[in-house]
Amino acid sequence: MTDYAKAWRLDGKVALMTGGARGLGGETAKALAQAGAKVMVTDLLADEGRATVKAITDAGGKAAFLEQDVTSESQWEQVIDKTLATFGGLDILVNNAGIEFMSFVTDTKVEDFRRMLDINVTGVFLGIKHGVRAMAPGGRAGKGGSIVNLSSIAGLAGFDGLSAYCASKGAVRLLTKSTAVECGHRKQNVRINSVHPGVIWTKMADNLLIHTAELGITPDYATAEAAYKAAHPLGHFGEPSDIANVILFLASEASKFVTGAEFAVDGGYTAT
């Protein structure tokens with residue numbers, strides 16, 4: 001008989017969490033540790049990243065921090081090496097690192113567009129590439145595993161002022177599906193899925209509302225907040241823990257028959 005409580009646990013697993021210093025990443029890193037995983041947290045925000053690790057270890061979990069630029073392939077190789085050396089394996093990779101900016105397409109500088117794609121798409125590509133290499137049979141970890149890529153509802157629908165962001169998150173969606181199929185057909189024992197948050201109350205969401213008003217899409221911050229809340233049928237924004245719970249499911253054996261799937265965690269936003 002299936003032990004359902006055990007299926008949701010991550011005891012003995014090693015997780016690598018990019019963009020794990022704060023917000024969704026910080027909350028998810030804590031959740032992975034609470035579920036029993038040893039967590040390598042990476043980010044460019046060193047002080048915040050170390051604070052997240054301290055919160056995990058103070059609560060009795062196991063975690064470490066590394067600075068990482070996800071657009072650098074050599075840094076990905078170093079982070080994988082150090083994760084294996086520190087914790088003895090790699091079973092879970094959460095590609096969370098990303099940026100967002102708002103601009104109308106006619107005003108967007110090509111340099112900014114390329115930077116968005118480099119961080120949000122190339123960073124995920126490199127994570128998948130080196131994560132699968134390490135996790136697949138014959139790899140340095142070699143036990144298979146789960147990769148979770150953070151996309152967005154902006155990867156499922158268009159949004160005013162977010163053309164570059166939508167392009168990047170739409171790319172993550174189909175990169176996830178393609179690599180999931182590839183890993184399945186090649187018997188690499190690595191599942192790959194994407195999570196698509198709605199508006200989750202973090203600093204990034206606050207910036208979204210600020211810039212929505214600054215671009216004149218709404219007359220002011222309060223109107224932007226009311227409009228976005230109304231667009232979620234549940235009537236409010238999500239919390240980082242809402243995303244962390246779904247990532248926990250995808251990281252665990254409870255989702256062992258799930259790959260190439262997309263999970264909209266959006267209070268019904270994309271259902272309308």
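This report walks through the strands, cores and a few single residues of the structure above. Keep in mind that the model is predicted.

**Strands side by side**

Let's start at the beginning of the chain. Strand 1 and strand 2 pair in the parallel sense, with five bridges between them. If you want one spot to look for, find leucine 16, which stands opposite methionine 40 in strand 2. To get from one strand to the other, the chain uses helix 2 (residues 23-34), and strand 1, helix 2 and strand 2 make a right-handed β-α-β unit.

Strand 2 also pairs with strand 3, again in the parallel sense, this time over six bridges. Here valine 39 has alanine 63 in strand 3 as its bridge partner. Helix 3 (residues 46-58) joins strand 2 and strand 3 in another right-handed β-α-β unit. How enclosed is strand 2? Five of the six residues of strand 2 (residues 38-43) are buried, so this strand is largely enclosed by the rest of the structure.

Further along, strand 4 (residues 92-95) pairs with strand 5 in the parallel sense, and leucine 93 stands opposite isoleucine 147 in strand 5. Strand 4, helix 5 and strand 5 make a right-handed β-α-β unit. Strand 5 then runs parallel to strand 6, where asparagine 149 of strand 5 stands opposite serine 194. The crossover from strand 5 through helix 6 to strand 6 is right-handed too.

Here are the strand pairs in one place:

| Strand pair | Sense | Bridges |
|---|---|---|
| Strand 1 and strand 2 | parallel | five bridges |
| Strand 2 and strand 3 | parallel | six bridges |
| Strand 4 and strand 5 | parallel | four bridges |
| Strand 5 and strand 6 | parallel | six bridges |

Strand 5 (residues 145-150) is worth a second look: six of its six residues are buried. Gly145, Ile147 and Asn149 point one way, while Ser146, Val148 and Leu150 point the other way, and all are buried.

**The nonpolar cores**

Now for the inside. The largest nonpolar core has 49 residues, and those with the most contacts inside it include Leu16, Val132, Ile147 and Tyr228. Several elements each supply at least two residues of this core, among them strand 1 (14-18), helix 4 (73-87) and helix 8 (221-231). The largest share, eight residues, comes from helix 5. This core also draws at least three residues from each of domain 1 (14-198 + 239-265) and domain 2 (199-237).

Which residues does valine 132 touch? Leaving out residues up to four places away in sequence, valine 132 touches Gly127, Ile147, Cys183, Gln188, Val190 and Ile192. Apart from the largest core lies another one, of 33 residues, including Ala15, Val246 and Leu248.

**Cysteines**

A search of the whole structure finds zero disulfides. Cysteine 166 has a relative accessible area of 13%, so this residue counts as buried. Cysteine 183 counts as buried as well, at 3% relative accessibility.

**Two unusual loop residues**

Most residues other than glycine have a negative phi. Lysine 187 has a positive phi of about 55° although it is not a glycine, and asparagine 189 has a positive phi of about 60°. Where are they? Lysine 187 lies in the loop between helix 6 and strand 6, and asparagine 189 has its place in the loop between helix 6 and strand 6. Is lysine 187 buried or exposed? Its relative accessibility is 68%, so lysine 187 counts as exposed.

Notes. Residues are numbered from 1 along each chain as its sequence is written. This is a predicted model: local features need pLDDT of at least 70, side-chain atom pairs count only at pLDDT 80 or more; totals for chains, interfaces and linings use all residues. Side-chain values use heavy atoms; hydrogens and water are left out. A nonpolar core is a set of buried Ala, Val, Leu, Ile, Met, Phe, Trp, Tyr and Cys residues joined through side-chain atoms within 4.5 Å. Buried means under 20% relative accessible area, exposed over 50%, partly exposed in between (1.4 Å probe, protein chains only). Domain bounds come from an automatic or database domain assignment. Contact means heavy atoms within 4.5 Å. Two strands pair if DSSP finds at least two bridges between them. A crossover is right-handed if, with the strands pointing away from the viewer, the path from the first strand over the helix to the second runs clockwise. A disulfide is a pair of cysteine sulfur atoms within 2.5 Å.
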